[in-house]
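This briefing addresses a single protein chain for a reader who has its sequence and coordinates at hand. The points below are grouped by topic.

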Amino acid sequence: MSAGWKAKRFWTEVSVAEAEGGFAVHLDARRVMTPGKLPLTLPTRPMAEAVAAEWAAQEDEIQPLTMPVTRAANSAIERVTPQRPEVAAMLAAYAETDLTCHRADAPQALAERQAAAWDPLLDWAADRFGARLFATAGILPVEQPPASLAALRAHVDGFGPFHLTAFHDLVALSGSLVIGLAVAHDHLDPETAWSMSRIDEDWQIEQWGPDDEAEAVTALKRKDFHRAKAFWRLAAAG
């Protein structure tokens with residue numbers, strides 16, 4: 001269901017029922033399908049109930065932008081499932097140039113702020129996944145240990161399509177595999193993690209002041225980041 005898709009409400013009741021492989025949402029007697037006409041089968045009842053609540057909240061005209069759980073579930077089924085290994089590999093590759101590993105060489109105050117936030121995260125990743133990543137300053141790249149990259153890749157490759165859909169946004173929006181993992185595994189709450197991903201940008205705002213247009217874009221990304229964690233929880237809920 002794309003953001004531009006529009007239709008009129010045609011149902012009276014929304015319900016959740018068990019289905020092969022998970023749970024389904026019904027609009028009266030009609031099962032909800034993906035835009036590509038695949039069954040919208042949800043892995044957990046809480047996710048199905050969240051999807052049902054979004055459909056129940058629609059009024060005369062369906063507004064896809066008000067249905068983030070439905071849209072994410074559609075993406076998991078239609079886009080991530082057919083290419084799950086490729087998506088996992090793409091996200092794991094963020095570790096090669098992870099945000100938390102690339103530090104400013106000046107000014108010193110910014111470098112210290114980065115180190116205070118990101119060094120503990122790298123320590124956590126080393127302890128949690130056996131994956132030590134190393135930081136570098138300036139524009140010079142750093143070659144990360146192959147064993148660390150392999151460990152992180154193996155972990156991400158274990159995610160199912162619904163978790164991977166949520167994880168994609170956690171990583172892509174933060175620019176960091178480490179931050180995405182920390183949120184997914186409840187090492188960081190989403191708001192703290194978002195702030196950690198914005199250290200460079202917040203520094204620039206402190207020096208030069210905010211830009212209204214950029215601030216609006218950032219606010220939307222922050223909301224999507226929180227939604228990604230919520231979708232991860234729904235995918236894991238019993």
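Asp-224 is partly exposed, with a relative accessible area of 32%, and this residue forms a salt bridge with Arg-227 in which the closest N and O atoms are 3.7 Å apart. The model is a predicted one. The salt bridges come first below, followed by the nonpolar core, the sheet with its covering helix, and the backbone geometry.

**Salt bridges**

- The count of salt bridges comes to 7, among them the pair formed by Asp-224 and Arg-227.
- Asp-224 and Arg-227 are about one helical turn from each other, because they are 3 residues apart in helix α10.
- Like its partner, Arg-227 falls in the partly exposed class, its relative accessible area being 34%.
- Another salt bridge joins Lys-229 to Asp-186, with 2.8 Å between the closest N and O atoms.
- This pair links distant parts of the chain, 43 residues apart: Lys-229 belongs to helix α10 (residues 212-236), while Asp-186 sits in the loop between α7 (177-184) and α8 (190-197).
- The two partners differ in burial: Lys-229 has a relative accessible area of 1% and is therefore buried, given that buried means under 20%, whereas Asp-186, at 57%, counts as exposed.
- A further salt bridge brings together the side chains of Asp-157 and Arg-84, at 3.5 Å from N to O.
- Here too the pair links distant parts of the chain, with Asp-157 in helix α5 (residues 146-157) and Arg-84 in helix α3 (residues 84-92), 73 residues apart.
- Asp-157 counts as partly exposed, at 36% relative accessibility.

**Nonpolar core**

- The largest nonpolar core contains 67 residues.
- Leu-42, Phe-162, Leu-164 and Phe-167 have the most contacts inside this core.
- Helix α4 (residues 108-129) gives the most to the core, contributing 8 residues.
- Beyond its neighbours within four places in sequence, Leu-164 is in contact with Val-80, Arg-84, Val-87, Ala-88, Leu-91, Val-156 and Phe-159.
- Arg-84 thus appears in two settings, as a contact of Leu-164 and as the salt-bridge partner of Asp-157.

**The sheet and its covering helix**

- Three strands form an open sheet in the order β1-β2-β3, with antiparallel pairing.
- Strands β1 (14-19) and β3 (30-31) stand at the edges; each has a single partner strand, so one side of each lacks a neighbour in the sheet.
- β1 and β2 are joined by 6 bridges, and the bridge partner of Val-14 is Leu-27 in β2.
- Strand β2 (residues 22-27) is joined to β3 by 2 bridges; His-26 has Arg-31 of β3 as its bridge partner.
- Helix α1 (residues 45-56) lies across β1 and β2 and runs at about 155 degrees to β1.
- Thr-44 is located in the loop between β3 and α1 and counts as buried, at 6% relative accessibility.
- The side chain of Thr-44 reaches the backbone nitrogen of Met-47 at 3.2 Å.
- Setting aside residues up to four places away in sequence, Thr-44 touches Phe-23, Leu-234, Ala-235 and Ala-237.

**Backbone geometry**

- Most residues other than glycine have a negative phi, and most peptide bonds are trans.
- Asp-28 is not a glycine, yet has a positive phi of about 55 degrees.
- Asp-28 lies in the loop between β2 and β3 and is partly exposed, with a relative accessible area of 36%.
- Asp-186 also has a positive phi, of about 60 degrees, although this residue is not a glycine.
- Asp-186 combines this backbone geometry with the salt bridge to Lys-229 and an exposed position at 57% relative accessibility.
- Gly-21 takes a positive phi near 85 degrees in the hairpin of β1 and β2, where 2 residues separate the strands.
- The peptide bond joining Ala-106 and Pro-107 is cis, with omega at about -5 degrees.
- Pro-107 is found in the loop between β4 (102-103) and α4; helix α4 is also the element that gives the most residues to the largest nonpolar core.

Definitions and conventions
Residues numbered from 1 in each chain as written. Predicted model: local features only at pLDDT ≥ 70, side-chain atom pairs only at ≥ 80, totals over all residues. Heavy atoms only, no water. Pairing = 2+ DSSP bridges. Helix = DSSP H or I, 4+ residues; strand = E, 2+ residues; numbered from the N terminus. Contact = heavy atoms within 4.5 Å. Axes fitted to C-alpha atoms, helices over the stretch in contact; angles between N-to-C directions. Buried < 20%, exposed > 50% of the residue type's maximum accessible area, 1.4 Å probe, protein only. Polar contact = N/O pair within 3.5 Å; in protein donor to acceptor, adjacent residues only side chain to side chain. Core = buried A, V, L, I, M, F, W, Y, C linked by side-chain atoms within 4.5 Å. Salt bridge = Lys/Arg side-chain N within 4 Å of Asp/Glu carboxyl O.
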